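User: I would like to learn how to read packing and pairing in a protein model. Could you take me through some examples?

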Amino acid sequence: GTFMRDVLKENRVVLGHDFRSYSQEMCRSMVVGLLSTGAHVIDIGLSLTPMVYFAQYHFGCKAAMQVTASHNENGWTGIKLACGLSSTLGPDGIKQFKELVYGGKFASGQGEYESFDGLYDLFKKDIVSGGKLRKHIKLVVAAGNGTAGRFAPEVFREMGCDVVELDCTPDWTFSKHNPNPEDLKFLHSISEATKEAKADLGIGIDGDGDRLGVVDDKGREIFSDKLGLLMARWICKDHPNRAVVIDVKSTGLFYDDETLRAAKTKVVTWKTGHSYIKSKVAEENAIAGFEKSGHWFLNAPYGRAYDDGITSSAQLLRMLDDAGRPLSELVDNLPKTWQSPTLSPYCADNVKYDVVDRVTAQYEADFKAGKTIAGKKIKNLVTVNGVRFILENSSWGLVRASSNKPCLVVGGESRESLDELYDIVEHAQARLAATGQVGDYDQQMPPRPGKK
């Protein structure tokens, strides 16, 4: 409440919460605290994070708080703080907020409480107003028993889809798997359901509704950065000379795509994280931003430049409707690359950035010395967020620190072969293991073909 008043010059705040066993109770405590500072609280109740962002536009309110653990395991929770329309706190804002908290000098007053129950209907109407689908699409919608199961299926039905629901009943125990579009177990379940239903595609929405994960009509799990490239091709033709922003985990195919070049689309690589990409999209006035994790930031007229898994999915469906071809065919027309899933080994918060700095320094030394990885020299290093080492054939590997958990992030992409991908990822893993600061991985690469 003090931050809103002193920094945002705002007295109203939109407040929502996800479906966790403890989120509503925490939200009630937020209400009490906000009211004690004299704030006007607009409580939209159970909601997705993008519904809170949408409510900001509806009410013309710069401040918003969503109580959510996103896709994290039970026991975690957090608050996403908005500091303007399509803007959430970045590092400077969080530092400022932290100093205010520890300073302990808070505003005092008698606030007002307003409960608003009709937000979802407005949110749904806004998405569907972009037009219903012309062609029949059979769609598996998976929510991993997270909050999106309460909201997403109805939106897609309103668009004209034949919807098959998968784990759309909210269950805060997440008995099968966390609703995380980068979790291979989650994606595998969508794949099986899509093949069984003979659906045109399957879409998974994460725990707080701001990310998507997709499998195609053949049941293949398609990473969201390659889907983002397809989306960029579709929208950039009508918006030449605009930028697209991608994160450091995204496919290198963006850099030499002929469709984007023809549209004179500038490709900007930036730090992973929804606050980072969101702010970069605004700074560049980009037509869109894409993260491999499934955060998409579609700017007008496709969205409002905040991450919204349902709006992103709706535009993906419209792209398929416009193409008149199966998703598998569009994906197969992309140049072939081999990508790793996102691998996250445990690394304590108080050492993870030091570990990444050490590994970055080692790759910088390798670059200067002309050493090889997977038989290729390094041609470039991107160090805006950890280190992405790019080899002379444009294959690459990545090591960075997670922004929201005590772990690191490891990944890679090969332009040449599956074997080369394993060589790249294993090189990064060996380098991390040598630090002695890295623990178990959340998931591993599938066994290398030919090895037991």
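**Helices, sheets and a buried residue**

Analyst: Happy to! This is a predicted model. Two packed helices are described by the angle between their axes and the distance between the axes. Here, helix H13 (residues 352-369) packs with helix H14 (residues 418-433) at an angle of about 125°, and their axes are 10 Å apart.

User: How is the arrangement of H13 and H14 classed, and what is the hand of the crossing?

Analyst: H13 and H14 are oblique to each other, because an angle of about 125° falls outside the parallel, antiparallel and perpendicular ranges. The crossing of H13 past H14 is right-handed.

User: Which residues of H13 and H14 meet?

Analyst: From H13 come Val355, Val359, Gln362, Tyr363 and Asp366, and from H14 come His427, Ala428, Arg431 and Leu432. By class, this contact of H13 with H14 has 5 nonpolar, 2 polar and 2 charged residues.

User: Now for sheets. What should I look at?

Analyst: Strands of a sheet pair through backbone hydrogen bonds, either parallel or antiparallel. One open sheet here has 5 strands with mixed pairing, in the order S4-S3-S1-S2-S5. Strand S4 (79-83) and strand S5 (112-115) each have a single partner strand, so they stand at the edges with one side lacking a neighbour in the sheet. On average, neighbouring strands of this sheet are turned by 20° against each other, direction ignored.

User: In what sense do S1 and S3 pair, and which helix packs on the sheet?

Analyst: Strand S1 (residues 12-17) and strand S3 (residues 63-67) pair in the parallel sense over 5 bridges, and Val13 stands opposite Ala63 in S3. Helix H2 (residues 23-36) packs on the sheet and touches S1, strand S2 (40-46), S3, S4 and S5. The direction of H2 makes about 165° with that of S1.

User: What is the strand order in the sheet of 4 strands?

Analyst: That open sheet runs S12-S11-S13-S14, also with mixed pairing. Strand S11 (residues 243-247) pairs with strand S13 (residues 288-290) in the parallel sense over 3 bridges, with Ile246 opposite Phe290 in S13. Helix H8 (residues 224-236) lies across S11, S13 and S14, at about 10° to S14.

User: Finally, a single residue: is Val214 buried or exposed?

Analyst: Val214, found in strand S9 (residues 212-215), is buried because its relative accessible area is 0%, under the 20% cut-off. Among the residues Val214 touches are Leu187, Leu201, Ile203, Ile222 and Leu316.

Technical notes: Residues numbered from 1 in each chain as written. Predicted model: local features only at pLDDT ≥ 70, side-chain atom pairs only at ≥ 80, totals over all residues. Heavy atoms only, no water. Axes fitted to C-alpha atoms, helices over the stretch in contact; angles between N-to-C directions. Helix = DSSP H or I, 4+ residues; strand = E, 2+ residues; numbered from the N terminus. Parallel < 35°, antiparallel > 145°, perpendicular 65-115°, else oblique. Left-handed = near helix turned anticlockwise from the far one by under 90°. Contact = heavy atoms within 4.5 Å. Nonpolar A, V, L, I, M, F, W, Y, C, P; charged D, E, K, R; others polar. Buried < 20%, exposed > 50% of the residue type's maximum accessible area, 1.4 Å probe, protein only. Pairing = 2+ DSSP bridges. Lists of a residue's contacts leave out its neighbours within four places in sequence.
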